Amino acid sequence: MGSISLQNVKKSFGEVEIIPDITLDIKEGEFVVFVGPSGCGKSTLLRLIAGLEDTTSGTILLDGQDMTKAPPARRGLAMVFQSYALYPHMTVRDNIAFPLKMAKASKEEIDRKVEYAARTLNLSSYLDRRPRALSGGQRQRVAIGRAIVREPKAFLFDEPLSNLDAALRVNMRLEITELHQQLKTTMIYVTHDQVEAMTMADRIVVLNAGNVEQFGSPLDLYKKPANRFVAGFIGSPRMNFIDGPEAARYNAHSIGVRPEHFTIATTPGSGTWKGKVGVAEQLGSDTFLHVHVDGLTLMTIRTDGEQTFNHGDDVYLTPDPTRIYRFDAAGKAI
Amino acid sequence: MARTVPTSTRIGFTALAWIIALILFSPILWVLLTAFKTEAEAIANTPTFFPQNFTLENFGAVQARSDYIKHATNSIIVSVGSTLIGLIIGIPAAWAMAFAPTKRTKDVLMWMLSTKMMPAVGVLIPIYLIFRDLRLLDTVHGLTIIMTLINLPIIIWMLYTYFKEIPVDILEASRMDGAELWNEIVHVLVPMAVPGIASTLLLNVILAWNEAFWTITLTSGRAGTLTAFISSFSSPQGLFLAKLSAASLLAIAPILLMGWFSQKQLVRGLTFGAVK
Ligand SMILES: Nc1ncnc2c1ncn2[C@@H]1O[C@H](COP(=O)(O)OP(=O)(O)OP(=O)(O)O)[C@@H](O)[C@H]1O
Ligand SMILES: [Mg+2]
């Protein structure tokens with residue numbers, strides 16, 4: 001239970017084409033993350049799967065069944081919204097119980113499942129509160145509780161953590177991953193945070209302007225990006241790109257080197273490229289150097305936190321020759 | 001920090017507010033006092049302020065001449081009935097316009113409002129003829145129908161503005177939770193819009209209660225409401241100011257009391273959204 005298949009799905013709002021043509025197969029039990037820049041159509045794609053938007057054309061199959069025209073209530077999916085979208089007039093208990101009531105579950109079943117969900121999500125002591133008396137993290141947990149009680153075919157998350165502070169976000173990220181390992185239910189998770197994408201996903205869909213740029217495991221995307229867009233989007237800090245004659249030396253229109261794939265030296269003449277340190281961002285464990293490379297661009301270099309660099313230091317950079325990504329004029333990897 | 005307003009300004013504004021309130025209230029006060037005067041005192045050349053010979057005879061006379069209870073019952077049925085029917089039609093209509101709008105939704109709203117800009121007398125003849133042919137003249141249900149139609153644009157407009165304030169996410173969440181349209185409206189939309197729906201209800205009961213044009217023209221004896229009841233006292237048999245006042249007082253008292261007790265709700269509903 002829980003496979004999702006999109007076949008030539010298209011979506012336009014009026015004249016504006018948002019999703020030109022997407023075909024995608026999500027396997028049962030998979031944790032798939034949709035990632036991409038703001039406005040690329042991630043939410044729209046998720047809402048098409050949910051049934052909250054109608055497709056312009058194409059087919060959506062859930063467990064092999066054509067659900068393209070089915071209303072959201074009939075699709076058996078659960079969704080967690082960015083705004084939490086809790087029912088403000090109901091207590092936490094009633095919020096979590098709502099899907100079960102809609103499914104006409106018995107009173108005992110409702111009580112049992114609500115108690116269980118509340119225990120799993122550490123909400124037991126808040127069951128009689130209204131959502132407005134909860135913190136952001138607690139609200140998000142209620143939203144998740146409401147989603148899990150009805151045992152859906154799949155969970156849809158639309159940037160569920162973006163309203164939380166950084167520390168809580170890391171916690172909730174782990175909790176959701178944990179939940180997936182427990183339930184083994186298909187999950188689709190939308191985010192524009194590539195760290196969330198890398199850490200949570202079994203497979204990532206990288207979207208750009210409504211197109212799937214690449215669909216693969218996080219390490220696939222990191223190691224073998226299909227094109228320059230994916231190479232630039234996956235990995236933090238971002239990959240350094242070099243165009244022009246320097247790239248031509250590698251028989252490519254442009255080349256890319258990740259910040260972590262350099263060796264850095266301070267003795268003159270001991271590197272491929274020479275540059276001056278601009279800003280050194282010291283995180284303790286790592287240091288990110290922003291180096292103005294002579295004749296090329298500003299590059300970000302990652303080094304361990306042991307060495308210290310100062311503004312204006314001369315440094316000599318050597319890219320790891322096995323980890324230079326080459327792209328043709330259209331941006332495709334070669 | 002609260003803005004500091006000079007005391008003199010504050011006193012000035014308070015006084016002004018009181019003066020305006022008193023001017024607005026003075027006709028009601030006059031009716032209230034006159035209702036307890038004798039007919040002679042009411043039309044005396046040197047008017048008195050307080051009744052000199054306090055009397056309840058006007059109320060007795062009014063009830064004797066024209067059945068107050070019957071008119072009041074009609075008023076209640078027509079105003080509450082038309083408002084409830086209006087809500088039953090208006091809630092789904094406003095739901096559609098607020099949450100599933102089309103390109104034409106704004107036009108439909110404007111068109112509905114425009115019907116309120118037309119003078120009612122403009123459609124008097126057609127409505128009268130329709131009512132005559134359908135045998136709806138001087139019937140309570142006929143009056144309820146016309147009152148529903150008259151106030152429907154206002155009901156839908158008010159509900160629409162309240163519904164617009166409700167985040168659509170929450171309704172979508174209910175759809176994801178398996179709620180069909182009916183459950184979405186009954187279990188999610190309506191409870192969340194209670195303040196708005198309540199003030200729509202109150203306002204429309206008041207409007208329907210006070211409506212005089214159609215209630216007077218479409219009724220005679222049987223289905224007359226309290227507005228028809230009052231107008232029957234400003235009749236050619238001579239001026240009976242005290243009795244007219246007593247009748248008016250009886251007619252406005254229920255709605256005045258309702259307005260008084262629900263003023264918090266009314267104000268909250270009418271400023272809904274403004275202070276979010
Ligand atoms: N109801 C709508 N009517 C018209 N255009 C819409 C509608 N919903 C979304 N769009 C447009 O579709 C595009 C994709 O929107 P979408 O919300 O899917 O982006 P997103 O990838 O989720 O972005 P974000 O990361 O900012 O949430 C945007 O350009 C948006 O303006
Ligand atoms: Mg989005």
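In this predicted model, helix α1 of chain A, residues 42–50, supplies the largest share of the shell around ligand 1. Its contribution is three residues. The surroundings of ligand 1 include A:Lys42, A:Ser43 and A:Thr44. A:Ser38, A:Gly39, A:Cys40 and A:Gly41 also belong to the shell. The remaining members are A:Phe13, A:Ile18, A:Glu159 and A:His192. By residue class, the shell contains six polar, three nonpolar and two charged residues.

Polar atoms approach ligand 1 from several of these residues. A polar side-chain atom of A:Ser43 lies 2.6 Å from an oxygen atom of the ligand. For A:Gly41 the approach is through the backbone, with an N or O atom 3.0 Å from a ligand oxygen. A:Glu159 places a polar side-chain atom 3.2 Å from an oxygen atom of ligand 1. On its own, ligand 1 has 630 Å² of accessible area, and the protein covers 57% of this.

Chain A also contains an open sheet of five strands. The strand order is β13-β17-β14-β15-β16, and the pairing is antiparallel. Strands β13 (262–265) and β16 (298–304) form the edges, each pairing on one side only. On average, neighbouring strands are turned by 45 degrees against each other, direction ignored. Strands of a sheet pair through backbone hydrogen bonds, either parallel or antiparallel.

The individual pairings can be followed across the sheet. At one edge, β13(A) pairs with β17(A), residues 314–319, over four antiparallel bridges. Within this pair, A:Ala265 has A:Tyr316 of β17(A) as its bridge partner. Strand β14(A), residues 273–282, is likewise joined to β17(A) by four bridges, and the two run antiparallel. Here A:Lys274 is the residue bridged to A:Tyr316. A:Tyr316 is thus a bridge partner of both A:Ala265 and A:Lys274. At the other edge, β15(A), residues 286–293, and β16(A) pair over seven bridges in the antiparallel sense. In β16(A), A:Asp304 stands opposite A:Asp286.

A further strand, β12 of chain A, spans residues 254–257 and includes A:Val257. A:Val257 counts as buried because its relative accessible area is 1%, under the 20% cut-off. The C-alpha atom of A:Val257 is separated by 6.8 Å from that of A:Arg323. Along the chain, A:Val257 and A:Arg323 are 66 residues apart.

Key. Residues are numbered from 1 along each chain as its sequence is written. Chains are lettered from A and ligands numbered from 1 in the order in which they are written. This is a predicted model: local features need pLDDT of at least 70, side-chain atom pairs count only at pLDDT 80 or more; totals for chains, interfaces and linings use all residues. Side-chain values use heavy atoms; hydrogens and water are left out. A residue is near a molecule or strand if one of its heavy atoms lies within 4 Å of it. A polar contact is a pair of N or O atoms within 3.5 Å; within protein, one must be able to donate a hydrogen and the other to accept it, and residues adjacent in sequence count only if both atoms are side-chain atoms. Accessible areas come from the Shrake-Rupley method with a 1.4 Å probe; for residues, only the protein chains shown count as cover. Ala, Val, Leu, Ile, Met, Phe, Trp, Tyr, Cys and Pro count as nonpolar, Asp, Glu, Lys and Arg as charged, and the others, Gly among them, as polar. Two strands pair if DSSP finds at least two bridges between them. Axes are lines fitted to C-alpha atoms, for helices over the stretch in contact, and angles run from 0 to 180 degrees between N-to-C directions. Buried means under 20% relative accessible area, exposed over 50%, partly exposed in between (1.4 Å probe, protein chains only).
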